[in-house]
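Visitor: I am new here and would like to learn how the labels in this picture are earned. Could you show me around?

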Amino acid sequence: MAALLAFFILLAWIFKDLRPGYPHGWDLMKFDTAAGMLLSAVSLALLSATPSPWRVWCGRALALLVLLLAVVPLYEHLSGHLTGFDTLIVADPGNAEPGEI
């Protein structure tokens, strides 16, 4: 369920024409948050299935991406230095500090 919700939010960020068809407020989740949710769900699905070397490797790689999505904004917030990582895929023009979660 979380993966499906995150997927639809990501679609709304990438294809802005889809936003009017979504319930009010759905596009408020930031792109990074939705991507982290989707990556977490896929990682957990891979790691909870029957273990195989490639599933474990892929699940851990996705978990590391989620960690990266969390650590970079934390660094930006603590240091005050914007890296641009938050807006690498999708711009966030409606925020005073674009991409900030």
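Guide: Gladly! A helix is a DSSP run of H or I with at least four residues, and a strand is a run of E with at least two. This is a predicted model, and by that rule its chain has three helices and zero strands. From the N terminus on, the order reads α-α-α.

Visitor: What makes Met1 count as exposed?

Guide: Exposed means over 50% relative accessible area. Met1 has 83% relative accessibility, so Met1 counts as exposed. Met1 sits in the segment before helix H1 (2-14).

Visitor: Which residues form a nonpolar patch on the surface with Met1?

Guide: Leu4, Phe7 and Phe8 join Met1 there, and together the four have about 460 Å² of accessible area.

Visitor: How do you know that the span of helix H3 agrees with its number of residues?

Guide: The expected span is 1.5 Å times one less than the number of residues. Helix H3 (residues 53-79) has 27 residues, so 39 Å is expected; its end C-alpha atoms lie 38 Å apart, which agrees. After H3 comes Gly80, with a positive phi near 80 degrees.

Visitor: Which residues of H3 are called buried, and what covers them?

Guide: Buried means under 20% relative accessible area. In H3, the residues that meet this are Gly59, Leu62, Leu69, Val72, Pro73 and Glu76. Their cover includes helix H2 (31-48).

Visitor: How much of the chain is buried?

Guide: Of the 101 residues in the chain, 25% are buried. As for the accessible surface, the chain has about 6,800 Å², with 73% belonging to carbon and sulfur atoms.

Conventions: Residues numbered from 1 in each chain as written. Predicted model: local features only at pLDDT ≥ 70, side-chain atom pairs only at ≥ 80, totals over all residues. Heavy atoms only, no water. Patch = residues over 30% accessible without salt bridge, like charges linked within 9 Å, V, L, I, M, F, W, Y side chains within 5 Å. Areas by Shrake-Rupley, 256 points an atom, 1.4 Å probe, with all protein chains shown as cover. Salt bridge = Lys/Arg side-chain N within 4 Å of Asp/Glu carboxyl O. Buried < 20%, exposed > 50% of the residue type's maximum accessible area, 1.4 Å probe, protein only. Contact = heavy atoms within 4.5 Å.
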